[in-house]
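Here is a note for a colleague who is beginning to read protein structures. Please keep the model open beside the text and look up each residue as it comes.

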Amino acid sequence: MSEQIPPSPIASGPLRQQYIYTLGMTGTSLSVPIALSLLEQKAKETLSPAAFDYVAGGASGEDTVRANREAFYRWRIVPRMLRDVSQRDLTVELFGALLPAPVILGPVGVQNILHKDADFASARAASALGLPFTLSTASSRSIEEVAAASDSAGSGVRWFQLYWGRNPELTASMLQRAGRAGYKALVVTLDTSMLAWRERDLQHAYLPFILGQGLANYFSDPVFRGLLPQPPEENPAAAIQLWGTLFSNTALTWRDISFLREHTSLPILLKGILHPEDAAHALDAGVDGLIVSNHGGRQVDGAIATLDALPAIVRKVNGRVPVLLDGGIRRGADIFKALALGARAVLLGRLYTWGLALAGEQGVRDVVLNLLADFDLTLALSGHTSCRVLDAAALSDSR
């Protein structure tokens, strides 16, 4: 039986529209622009050029960033008529929890460069909506601090994302901390054993980590601190240097997945799967879920778009574990298409961070609520009432 979560303040699409129009009649508006082009532009105006480019940018020529969006354009929705769509159900079950919508806030590191409340704001916004928030290993606030902020705001459903580093004791420590702090799933990012050639960051000569940003989970970890002659607070330069020697682990293989299971009882999802054979390896390793992702186009320039990779991976998995999609989600139609092609849910990244940059917690909430209203309307106007009934028959391939 699914774990029941408290009612979420996620309004239907028509009610969200009514709320926005009512605000307009009183001379007020949402905390963020509704048009996504304006949302991103306002975020760009708010942030420093280096911070904006760090989030917005991708690998090399950013072909993969574009490909993620273009893949959605190639699939067209085929609406059906005269179906009773007066009642819709956006809920989805994941790992024993019934979520109010098929959306997870994905891991985004160094959120303090976007807003002073950083991960606290994003975690609270997700918790208030009953949606999972995924804390990055490279977060600006610690595992335990974000857990407390999440629990204070609502359901407190949260996942922990692992950058699997070079020190096994440090990795085990972080996994154990996440378990003790009440995180419900482990997301293991496989595609970032080293950082790609990112022209925007290199042009600015900007990497937040070498400034000590995004290292809260390292600086607060007892294993990491035990490797230092002085605490990070007393000698941050030495702590940053140590992090640089531990972050990257290019020697990992499929055989190492067993290490994770030895040190956590949480469901394990592998993020970065793009090839059906890797999906098969993951199933053989006994993981609990897959996330089809190319890191938002930030790692391999010219890589396959995530939506293009999704159908073959769904066929290979054949229902054995949930398959989620990450990359390029910006509108309700994108969620619709991903679910129709077999994803159980989708992850958001850049989209919600622009709301964070502009208005903190309320900005994140408004961006997500607008997206879900758009999805609800797309679902209904296409003649469907539930996420669970969507399949490829709802789409046409325009290629």
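1. Helix H16 makes the greatest contribution to the lining of the largest pocket, giving four residues. The model is a predicted one, and that should be kept in mind throughout the points below. Besides H16 (350-381), the elements that each supply at least two residues of this lining are helix H3 (49-56), helix H4 (63-74), strand S6 and strand S11 (345-348).

2. The volume of the largest pocket is about 790 Å³, and 42 residues form its lining, with Val55, Gly296, Arg298, Gly349 and Arg350 lying nearest the centre. When the lining residues are sorted by class, 19 are nonpolar, 13 are polar and ten are charged.

3. Where in the chain does arginine 298 sit? Arginine 298 belongs to the loop between strand S9 (289-292) and helix H14 (306-317), and it is among the residues nearest the centre of the largest pocket. Its relative accessible area is 12%, so arginine 298 counts as buried, the cut-off being under 20%.

4. Which residues does arginine 298 contact, once neighbours within four places in sequence are left aside? The contacts of arginine 298 are Tyr54, Val55, Gly57, Gly58, Ala59, Ala196, Arg198 and Arg350. Two of these partners, Val55 and Arg350, are themselves listed among the residues nearest the centre of the largest pocket. By way of a distance to check on the model, the C-alpha atoms of arginine 298 and arginine 399 are 26 Å apart, while 101 residues separate the two along the chain.

5. Valine 367 offers a second residue to examine, and it is located in helix H16, the element that gives the most to the lining of the largest pocket. With a relative accessible area of 5%, valine 367 is buried, because buried means under 20%. If residues up to four places away in sequence are not counted, valine 367 touches Val32, Leu39, Leu351, Tyr352 and Gly355. The C-alpha atoms of valine 367 and serine 31 are separated by 9.0 Å, although the two residues are 336 positions apart along the chain.

6. The structure also holds one cavity of 30 Å³ or more, and the space in the largest cavity amounts to about 70 Å³. Strand S6 (158-163) and helix H7 (168-180) are the elements that give two or more residues to the lining of the largest cavity, and H7 has the largest share with three residues. The lining of this cavity includes Thr137, Tyr163, Arg166, Met174, Tyr218 and Phe247, and by class it has seven nonpolar, four polar and one charged residues.

7. Turning to the whole chain, one finds 16 helices and twelve strands, and 55% of the 399 residues count as buried. Among contacts with a separation of 6 or more, 77% join residues that are 24 or more positions apart. The accessible surface is about 16700 Å², and carbon and sulfur atoms account for 53% of it.

8. How does the overall size fit the length of the chain, and what radius of gyration does the protein chain have? The protein chain has a radius of gyration of 20 Å, which agrees with the value near 21 Å that a compact globule of 399 residues would have. Along the principal axes, the C-alpha atoms fill a box of roughly 70 × 55 × 45 Å.

Note on methods:
Residues are numbered from 1 along each chain as its sequence is written. This is a predicted model: local features need pLDDT of at least 70, side-chain atom pairs count only at pLDDT 80 or more; totals for chains, interfaces and linings use all residues. Side-chain values use heavy atoms; hydrogens and water are left out. On a 1 Å grid over the protein atoms alone, a cavity is a set of points where a 1.4 Å probe fits but cannot get out, and a pocket is an open set with protein on both sides within 12 Å along at least five of seven lines; lining residues have an atom within 4 Å of a point. Grid points are joined across faces, edges and corners, and a volume is the space filled by probe spheres set on the points. Ala, Val, Leu, Ile, Met, Phe, Trp, Tyr, Cys and Pro count as nonpolar, Asp, Glu, Lys and Arg as charged, and the others, Gly among them, as polar. The radius of gyration is taken over C-alpha atoms; the globule rule is 2.2 Å times the number of residues to the power 0.38. Buried means under 20% relative accessible area, exposed over 50%, partly exposed in between (1.4 Å probe, protein chains only). Contact means heavy atoms within 4.5 Å. Accessible areas come from the Shrake-Rupley method with a 1.4 Å probe; for residues, only the protein chains shown count as cover.
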